[in-house]
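Got the viewer open? Let's walk through this one together, one selection at a time.

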Number of protein chains: 2
Amino acid sequence: MSSALTGLLRHPIVQAPMAGGVSVPRLAAAVSEAGGLGFLAGGYKTADGMYREIKQMRGLTSRPFGVNLFMPQPEQSGAGAGSTTAAGAAPFDAGAVEVYAHQLAGEAAWYRTELGDPDSGRDDGYDAKLAVLLDDPVAAVSFHFGVPSPEVLASLRRAGTFTLVTATTVEEALAVERAGADAVIVQGIEAGGHQGTHRDVPDNDGSGIGLLSLIALVREAVGLPLVAAGGIMRGSQIAAALAAGASAVQLGTAFVPTPESGAAAAHKEALTDPLFVGTRLTRAFTGRPARGLVNRFLREHGRYAPAAYPEVHHLTAPLRKAAAAAGDAQGMALWAGQGHRMARDMPAGELVEVLAAEAGAVWAASAADAEGGAGR
Amino acid sequence: MSSALTGLLRHPIVQAPMAGGVSVPRLAAAVSEAGGLGFLAGGYKTADGMYREIKQMRGLTSRPFGVNLFMPQPEQSGAGAGSTTAAGAAPFDAGAVEVYAHQLAGEAAWYRTELGDPDSGRDDGYDAKLAVLLDDPVAAVSFHFGVPSPEVLASLRRAGTFTLVTATTVEEALAVERAGADAVIVQGIEAGGHQGTHRDVPDNDGSGIGLLSLIALVREAVGLPLVAAGGIMRGSQIAAALAAGASAVQLGTAFVPTPESGAAAAHKEALTDPLFVGTRLTRAFTGRPARGLVNRFLREHGRYAPAAYPEVHHLTAPLRKAAAAAGDAQGMALWAGQGHRMARDMPAGELVEVLAAEAGAVWAASAADAEGGAGR
């Protein structure tokens with residue numbers, strides 16, 4: 001492991017930042033205390049709200065932790081369907097958002113709520129959050145949905161902060177390296193929640209790369225340490241990711257069912273409920289591809305959802321909140337990676353220890369086999 | 001590694017059977033001679049043709065080798081679009097095949113050839129091939145596109161043959177175990193060529209599982225040894241797959257660019273040609289989802305191809321043959337896994353040695369790290 005990463009972790013385990021209430025300070029602190037790297041989710045919060053959580057964290061642990069930010073989404077051309085912005089990004093179609101809102105009217109009525117305002121804001125308070133993080137630095141900051149400017153990354157580095165940026169392809173990993181980040185989070189299609197592709201291009205739907213291939217491809221293309229993310233639930237998979245060239249792994253779904261996680265009970269239970277037969281990438285809840293358990297909302301609306309993030313996120317937020325309040329898993333965004341069935345309900349710190357022990361056992365067994373030159 | 005597998009391999013490396021001319025005896029023999037397990041592709045051949053290749057193999061090597069068979073495709077109901085056969089398989093629509101044939105008329109004219117007869121046969125001579133393999137047994141037989149009956153598997157076992165069957169989900173792996181096979185080939189979505197799903201169900205498109213998740217999921221569900229397939233091009237990935245719970249790996253694309261492979265030159269070159277930006281799963285060439293480099297044929301026809309295998313395979317065969325004869329990569333099925341850019345042109349036996357050494361180096365490095373409890 002690179003020395004900078006080594007200073008942040010005793011075990012090569014990063015807890016994925018999960019916005020929307022799952023990544024609460026209690027969870028991140030438990031992970032950091034156990035020797036992993038806990039992360040707060042700065043996304044969807046105000047800068048003040050993010051700062052409050054950072055101060056809570058410092059009250060819970062003196063160990064390193066990270067904060068995740070969502071990149072502001074590029075200005076859309078607003079030129080209507082059929083036009084293409086630079087670099088082939090999704091043409092923004094305000095009409096499509098309106099049509100989708102009409103389609104969701106039934107959901108609003110059902111849950112006795114109003115749809116949210118799609119124009120509630122596109123930059124997620126990025127500048128104000130950066131100002132906080134430069135003024136009162138944390139150990140690590142990660143970025144999702146794009147690459148920060150070289151100036152931002154350099155400022156964070158000067159402040160003593162370790163920076164990580166998500167990449168889903170070799171080209172994106174090269175962009176992360178060029179911009180000057182300290183590490184790349186290589187995210188395979190197995191991952192739960194939002195794919196961190198730098199631009200959402202619907203023509204690319206279905207082209208996502210599996211994690212074991214992506215780690216190897218990126219390992220040969222960039223020199224930065226890699227943090228592998230996507231479907232990792234067992235220490236054996238951690239050992240695997242490290243064997244393939246990663247320095248650490250990032251786990252999201254694995255931490256959702258822990259007692260410290262802020263996920264709704266219906267979400268935690270759904271992960272291992274045989275009623276939910278699998279996951280899909282969908283724009284239904286937020287307008288950007290994200291992987292969740294297939295439920296009624298995803299099945300009914302997925303194919304109609306426009307590529308319009310965060311407009312669709314704002315639109316559906318009250319619906320998802322109402323469904324969660326009602327304990328109705330069929331109307332919630334049940335973010336989950338492809339390994340969701342392997343979810344374990346145990347305290348987060350204990351999970352970190354168990355995962356590290358599982359990974360260690362694999363290394364020990366392979367060291368014994370290594371002479372024979374054959375697999376186990 | 002299970003003792004039965006150990007007897008077949010010195011290195012945990014299986015060369016994937018690649019029908020259509022790639023898996024020739026020279027390739028399989030080179031792999032077996034180097035201590036891997038070479039495979040002949042019985043698919044698309046007559047029983048006599050398959051037997052001729054087996055005898056050729058025996059002249060080239062005395063080491064163990066395998067033969068792969070395609071499962072016969074279930075009888076279709078022929079009840080037209082909208083009907084569903086048992087278990088939700090794709091409704092067979094003879095009209096859709098006819099429409100697709102009309103669409104391909106331009107291709108036939110372009111390549112100055114005729115389309116093939118879609119009704120050239122659905123069972124690939126399975127019974128005759130099994131008779132050969134029971135009469136003159138080989139060391140291993142693998143099956144793709146479904147599960148053989150318990151009786152067939154038992155007969156092969158009595159003949160001293162090791163049996164393997166492809167699975168792409170936990171449920172399919174359980175079916176393989178129940179039927180009595182000796183090993184499961186767990187195939188992730190990264191794999192080049194045909195996905196070996198037991199039934200082709202278009203509603204399931206996009207639900208494929210990444211290899212690192214699939215190995216872990218299947219490892220916990222079945223007791224059989226696992227052979228992991230999909231995107232594996234480096235020894236580091238072999239070490240990874242074994243760490244995650246596989247006993248061996250199966251590599252297809254990695255062997256395509258070797259001098260011994262029977263692949264067309266245009267196919268070998270395309271693997272690392274930057275003109276080809278990636279791969280997709282498509283029914284365009286055969287009517288069943290298969291992963292290949294995105295080219296003109298895939299882009300133009302992929303979205304219209306019906307779920308009708310092997311009808312579409314027979315239909316397009318003369319087109320693909322003509323394109324290959326003309327060295328026209330844009331009209332060929334350029335089967336390739338997601339790791340295709342890591343392709344290496346070296347003799348197949350040398351590739352086996354290199355892969356084994358790369359895997360061994362990972363184990364050695366991790367054994368050194370293991371005490372620290374942290375990743376590399």
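Here is a tour that starts with a whole chain and then goes on to single helices, loops and residues. Keep in mind that this is a predicted model.

**Stop 1: chain A as a whole.** Select chain A and colour it by secondary structure: you should find 14 helices and 11 strands. Its C-alpha trace spans about 65 × 45 × 45 Å along the principal axes. For 376 residues, a compact globule would have a radius of gyration near 21 Å, and chain A agrees, with 20 Å. Buried residues make up 61% of the chain. Now think about contacts in chain A with a sequence separation of 6 or more: 68% of these come from residues 24 or more positions apart.

**Stop 2: the core.** Which residues have the most contacts inside the largest nonpolar core? Select A:F143, A:F255, B:F143 and B:F255, and you have them; the core itself has 184 residues. Stay on A:F255 and show what surrounds it. Setting aside neighbours within four places in sequence, A:F255 is in contact with A:I13, A:V14, A:Q15, A:M18, A:L27, A:V31, A:S261, A:A348, A:L351 and A:V352.

**Stop 3: a helix pair in chain A.** Two packed helices are described by the angle between their axes and the distance between the axes. Select residues 126–135 (α6) and 150–158 (α7) of chain A: their axes are 10 Å apart and the packing angle is about 25°. Angles under 35 degrees count as roughly parallel, and α6(A) and α7(A) are therefore roughly parallel to each other. Turn on side chains to see A:Y126, A:L130, A:L133 and A:L134 of α6(A) meeting A:V152, A:S155 and A:L156 of α7(A). Sorted by class, that contact has six nonpolar residues, one polar and no charged ones.

**Stop 4: the helix pair in chain B.** Move over to α6 (residues 126–135) and α7 (residues 150–158) of chain B, whose axes come within 10 Å and cross at roughly 25°. That makes α6(B) roughly parallel to α7(B). On the α6(B) side, pick B:Y126, B:L130, B:L133 and B:L134; on the α7(B) side, pick B:V152, B:S155 and B:L156.

**Stop 5: a covered helix.** Still in chain B, select α10, residues 235–244. How many of its residues are buried? The count is 10 of 10. The buried residues include B:I238 and B:L242, along with B:G235, B:S236 and B:Q237. Step just past α10(B) to B:G245, where phi is positive, near 130°.

**Stop 6: a histidine in a helix.** Go to B:H313 in helix α13 (residues 311–325) of chain B. Is B:H313 buried or exposed? B:H313 counts as buried because its relative accessibility is 9%, and the cut-off for buried is under 20%. Leaving out residues up to four places away in sequence, B:H313 touches B:Y44, B:F285, B:T286 and B:R320.

**Stop 7: backbone oddities.** Most residues other than glycine have a negative phi, and most peptide bonds are trans. Zoom in on the bond from A:Y309 to A:P310: this one is cis, with omega near 10°. A:P310 sits in the loop between α12 (296–301) and α13 (311–325) of chain A. In chain B, a cis peptide bond joins B:Y309 and B:P310, with omega about 10°.

Next, select A:Y44, in the loop between β2 (38–41) and α3 (47–60) of chain A. A:Y44 is not a glycine, yet its phi is positive, about 70°. Its relative accessible area is 30%, so A:Y44 is partly exposed. Finish at A:D124, in the loop between α5 (105–110) and α6 of chain A, where phi is also positive, near 55°.

Terms used. Residues numbered from 1 in each chain as written. Chains lettered and ligands numbered in written order. Predicted model: local features only at pLDDT ≥ 70, side-chain atom pairs only at ≥ 80, totals over all residues. Heavy atoms only, no water. Axes fitted to C-alpha atoms, helices over the stretch in contact; angles between N-to-C directions. Helix = DSSP H or I, 4+ residues; strand = E, 2+ residues; numbered from the N terminus. Parallel < 35°, antiparallel > 145°, perpendicular 65-115°, else oblique. Contact = heavy atoms within 4.5 Å. Core = buried A, V, L, I, M, F, W, Y, C linked by side-chain atoms within 4.5 Å. Buried < 20%, exposed > 50% of the residue type's maximum accessible area, 1.4 Å probe, protein only. Rg over C-alpha atoms; globule rule 2.2 N^0.38 Å. Nonpolar A, V, L, I, M, F, W, Y, C, P; charged D, E, K, R; others polar.
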